[in-house]
Amino acid sequence: MSETEHYDLVIVGGGPGGLSAGIYAMRAALKTVLIEKAIPGGQVNLSDEVENYPGIKNISGAELSMKFNEHADNYGLEIISDEVTVVDPGLDHHSVTLADGRTLKSHSVILATGGTPRKLNIAGEDEYYGKGVSYCAVCDGFFFKGKDVMVIGGGDSACEEALYLSKLANKVYIAHRRDAFRASRMLQQRVEADCNIEVLWNTIVTEIKAADGAVRHVMLQDTQSGQQRETPIDGVFIFIGFVPNNQLVPAGVRKNPEGFVITDDRCATNTQGLYAIGDLREKYARQIVLSAADGCMAALSAAHYIETRKAKSGDRTCTLP
Ligand code: NAP
């Protein structure tokens, strides 16, 4: 590759959204590159089981990621393993700078950078991360085999991860700040039916305490009475939502107050030729199938945008699928 390579489309992020965009872009004959700093697949790699991707009854997250990757590879999608440091929109073309110093020029850019688990910001959370505090049951659950763990949160992630941990741990507590889950009815029913899981309703964790470098206790507070108590625990798994990885979103691109990028129904931002998809985009629900759908929509939309630009300049080299 030369110092400055020109593309029709640069995709930043290789989760289900980014890889789906890559598949559709290749089918549209767009000169496309996908940049991913870690292993392609994104957050899905961390899911133990995926049971709601249409057409596949049950599959591990890592295996589903592999299938997305293989599918994109089948179309010859170029994937660069590097970190993007800057996305700089321009009138003529957008510039994408990589950590190794290269700059890619592109007619359009799809941002598919996903999100990161939200932090509780309580005492002990940062200090004991990796020593009993975790944001990934599939990654760390094994270390708590036969031990007592606490899951914090009441959404799909908290319930799903509690069910996973229940197969390993001696006892799983779920501390939820109110008296009803946000999770889907099916996950709620599974949690209710699991006799190894005890739900602590109206309960928040105010501090994580350790001894000899490992988590030993948590301070709990009843949100109704305000009463505090300390309870012994070996591991704390925090699943209280998601914050968007929006560091690369250029200034001037509209975001909502939580930092998710606002797009139209074609995943286009208010900057021409710049799209945001998947967990980075403001939307009602965050699901693998929705990220994949966003990827499809953004790639088709980008193909139309590029074709129009090229037609205006007399250069027709891309074909819609
Ligand atoms: P979520 O749906 O936003 O739920 C976050 C949970 O954490 C809520 O119960 C919330 O309580 C609680 N919470 C938030 N801030 C808190 C704080 N400071 N202290 C204590 N509790 C706090 O997040 P998620 O479960 O990570 O899910 C994210 C998205 O991914 C959702 O759209 C979800 O449907 C999707 N997802 C889907 C699946 C699946 O379909 N299998 C699996 C995982 C995730 P409140 O309820 O009181 O607000």
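## A tour of the predicted model

Begin by selecting helices α1 and α6, where P16, G17, S20, A21, Y24 and A25 of α1 meet I288, S291, A292, G295, C296, A299 and L300 of α6. The residues of this contact divide into nine nonpolar and four polar, with no charged residue taking part. Keep in mind throughout that what is on the screen is a predicted model. If you display residues 16–27 for α1 and residues 288–313 for α6, you can follow two axes that come within 7 Å and cross at roughly 35°. The crossing of α1 and α6 is right-handed.

Stay for a moment with C296, one of the α6 residues that meet α1. At 18% relative accessibility C296 counts as buried, and its sulfur lies 9.1 Å from the closest cysteine sulfur, that of C267, which is too far for a bond.

From α1, move on to A29, which sits in the loop between α1 and β2 (32–36). Most residues other than glycine have a negative phi. A29 has a positive phi of about 60° although it is not a glycine, and with a relative accessible area of 39% A29 is partly exposed.

**The disulfide**

Next, select C136 and C139 and show their side chains. A disulfide joins C136 to C139, with 2.1 Å from S to S, and the count of disulfides comes to one. The link of C136 and C139 is right-handed, with 75° about the S-S bond. Which of the two cysteines is buried, and which is partly exposed? C136 is buried, with a relative accessible area of 9%, whereas C139 is partly exposed at 40%.

For a cysteine outside this link, select C195, whose sulfur is 16 Å from the closest cysteine sulfur, in C159, and is therefore too far for a bond. C195 is exposed, with a relative accessible area of 78%.

**The five-stranded sheet and helix α4**

Now colour the open sheet of five strands, which has the order β8-β15-β9-β10-β11 with parallel pairing. At its edges stand β8 (133–134) and β11, each with a single partner strand, so one side of each is left without a neighbour in the sheet. At the β8 edge, two bridges join β8 to β15, and these strands run parallel; select S134 to find its bridge partner in β15, F237. Helix α4 packs on this sheet, touching β9, β10, β11 and β15, and the direction of α4 makes about 170° with that of β9.

Centre the view on α4 (residues 156–166) itself. How many of the eleven residues of α4 are buried? Eight of the eleven are, so α4 is largely enclosed by the rest of the structure. The buried residues are A158, C159, E161, A162, L163, Y164, L165 and S166, and C159 is also the cysteine whose sulfur is closest to that of C195. To see what surrounds the buried residues of α4, show α3 (137–140), β9 (148–152), β10 (171–175), α5 (185–193), β11 (197–200) and β15 (235–238), against which they pack.

**The three-stranded sheet**

Follow the chain from β11 into the loop between β11 and β12, where N202 has its place. The phi of N202 is near 50°, a positive value in a residue other than glycine, and N202 is buried, with a relative accessible area of 16%.

Beyond this loop, select the open sheet of three strands, which has the order β12-β13-β14 and antiparallel pairing. Strands β12 (203–211) and β14 (228–232) stand at the edges, each with a single partner strand, so one side of each is left without a neighbour in the sheet. Neighbouring strands here are turned by 25° against each other on average, with direction ignored.

Take the pairs of this sheet in turn. Strands β12 and β13 pair in the antiparallel sense over eight bridges, and K209 stands opposite H217 in β13. In the hairpin of β12 and β13, which has two residues between the strands, select D212, which takes a positive phi near 50°. On the other side, five bridges join β13 (residues 214–222) to β14, and these two strands also run antiparallel. Finish the tour at Q221, whose bridge partner in β14 is Q228.

Key: Residues are numbered from 1 along each chain as its sequence is written. This is a predicted model: local features need pLDDT of at least 70, side-chain atom pairs count only at pLDDT 80 or more; totals for chains, interfaces and linings use all residues. Side-chain values use heavy atoms; hydrogens and water are left out. Axes are lines fitted to C-alpha atoms, for helices over the stretch in contact, and angles run from 0 to 180 degrees between N-to-C directions. Helices (H or I, at least four residues) and strands (E, at least two) are DSSP runs, numbered from the N terminus. A crossing is left-handed if the near helix is turned anticlockwise from the far one by less than a right angle, and right-handed if clockwise. Contact means heavy atoms within 4.5 Å. Ala, Val, Leu, Ile, Met, Phe, Trp, Tyr, Cys and Pro count as nonpolar, Asp, Glu, Lys and Arg as charged, and the others, Gly among them, as polar. Two strands pair if DSSP finds at least two bridges between them. A disulfide is a pair of cysteine sulfur atoms within 2.5 Å. Buried means under 20% relative accessible area, exposed over 50%, partly exposed in between (1.4 Å probe, protein chains only).
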